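Please look over the sequence and the model shown below before reading the report. The text is meant to be read alongside them.

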Amino acid sequence: MNAEEKYQAELKQSDLDHHQPTAAAMTGHIISNLLIHSLKINQANLFAKGSASLFLAEKAAGWIAYELQELDQLNHLLVNNGESIPTITAQFKEYTMLEEDGSSKYLAGDEQLFALVKDFDTQTLFITKAITLANNESWPELSTNLTNLMAWIKEQIRVTQDFLGHELKEGLYVEDDDDDF
């Protein structure tokens with residue numbers, strides 16, 4: 001097979017994996033969410049005003065570094081196991097569940113910060129599902145990696161919600177028993 005045929009086969013397999021979710025397919029969403037979230041953190045860090053700008057001055061670089069390091073680790077875990085990963089802008093746009101809006105940089109600093117918290121929360125939905133799938137597929141290294149990512153994200157949510165004066169779950173998604181991906 002030539003390069004184009006291999007890529008088309010990858011896309012076909014990816015489509016199948018997303019209709020019957022696999023740990024790798026769900027991790028593709030996580031990878032995309034991490035990349036887009038790191039861009040959104042950078043935007044908020046550059047444009048947030050008020051006390052949120054001080055909070056982000058302390059946290060943003062660490063958040064971005066951690067998310068990009070995690071993205072790299074997840075990419076290697078998948079590739080090392082023969083799985084495909086998102087590598088082009090179109091795939092990142094297709095697989096992310098985070099929404100981007102250029103006008104959000106003009107929101108109040110606390111609103112920008114809370115939007116990042118909601119994005120962290122959205123990421124936990126995919127991570128939880130991927131951990132379950134990884135355990136079902138006997139993929140312990142992926143499960144461990146994702147469990148550590150989940151713990152880190154929950155810490156960031158708590159610290160940021162505390163800073164904003166919110167209760168831990170205030171304004172965040174509450175999963176219904178009948179929710180499905």
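The report takes up the nonpolar core, two helices, two buried residues and the two largest pockets in turn.

This is a predicted model, in which local features need pLDDT of at least 70 and side-chain atom pairs count only at pLDDT 80 or more, while totals for chains, interfaces and linings use all residues. Residues are numbered from 1 along each chain as its sequence is written, and side-chain values use heavy atoms, with hydrogens and water left out.

**Core**

The largest nonpolar core (a set of buried Ala, Val, Leu, Ile, Met, Phe, Trp, Tyr and Cys residues joined through side-chain atoms within 4.5 Å) has 43 residues, and those with the most contacts inside it are I30, W63, L142 and L146. Two or more residues come to this core from each of α2 (23-47), α3 (51-80), α5 (109-136) and α6 (140-164), where helices are DSSP runs of H or I with at least four residues, numbered from the N terminus. Of these elements, α5 gives the most, with 11 residues. In soluble globular proteins, nonpolar side chains tend to be buried together.

With residues up to four places away in sequence not counted, L142 touches A23, T27, L74, L77, L78 and A134, contact being defined as heavy atoms within 4.5 Å.

**Helices α2 and α6**

Helix α2 has 25 residues and reaches 36 Å from its first C-alpha to its last, close to the 36 Å expected at 1.5 Å a residue; the expected span is 1.5 Å times one less than the number of residues. Because 18 of its 25 residues are buried, α2 is largely enclosed by the rest of the structure, with buried meaning under 20% relative accessible area for a 1.4 Å probe and protein chains only. Helix α6 likewise has 25 residues and a reach of 36 Å from first C-alpha to last, close to the 36 Å expected, and just after α6, G165 takes a positive phi of about 80°.

Two residues of α2 can be described individually. T27 lies in this helix and is buried, with a relative accessible area of 0%; leaving aside neighbours within four places in sequence, T27 is in contact with L74, L78, A130, L142 and L146. S38 is also found in α2 and is buried at a relative accessible area of 5%, and with the residues up to four places away not counted, S38 touches I64, E67 and L68.

**Pockets**

A pocket here is an open set of points on a 1 Å grid over the protein atoms alone, where a 1.4 Å probe fits and protein lies on both sides within 12 Å along at least five of seven lines; lining residues have an atom within 4 Å of a point. The volume is the space filled by probe spheres set on the points, which are joined across faces, edges and corners. In the table, Ala, Val, Leu, Ile, Met, Phe, Trp, Tyr, Cys and Pro count as nonpolar, Asp, Glu, Lys and Arg as charged, and the others, Gly among them, as polar.

| Pocket | Volume | Lining by class |
|---|---|---|
| Largest pocket | about 380 Å³ | seven nonpolar, five polar, seven charged residues |
| Second largest pocket | about 230 Å³ | six nonpolar, two polar, four charged residues |

The largest pocket is lined by 19 residues, of which K40, E99, S104, A115 and D119 lie nearest its centre. The elements giving two or more residues to this lining are α2 and α5, and α5 gives the most, with six residues.

The lining of the second largest pocket includes D121, T124, M150, K154 and Y173. Here α5 and α6 are the elements that give two or more residues, and α5 gives the most, with four.

How values were computed
Buried < 20%, exposed > 50% of the residue type's maximum accessible area, 1.4 Å probe, protein only.
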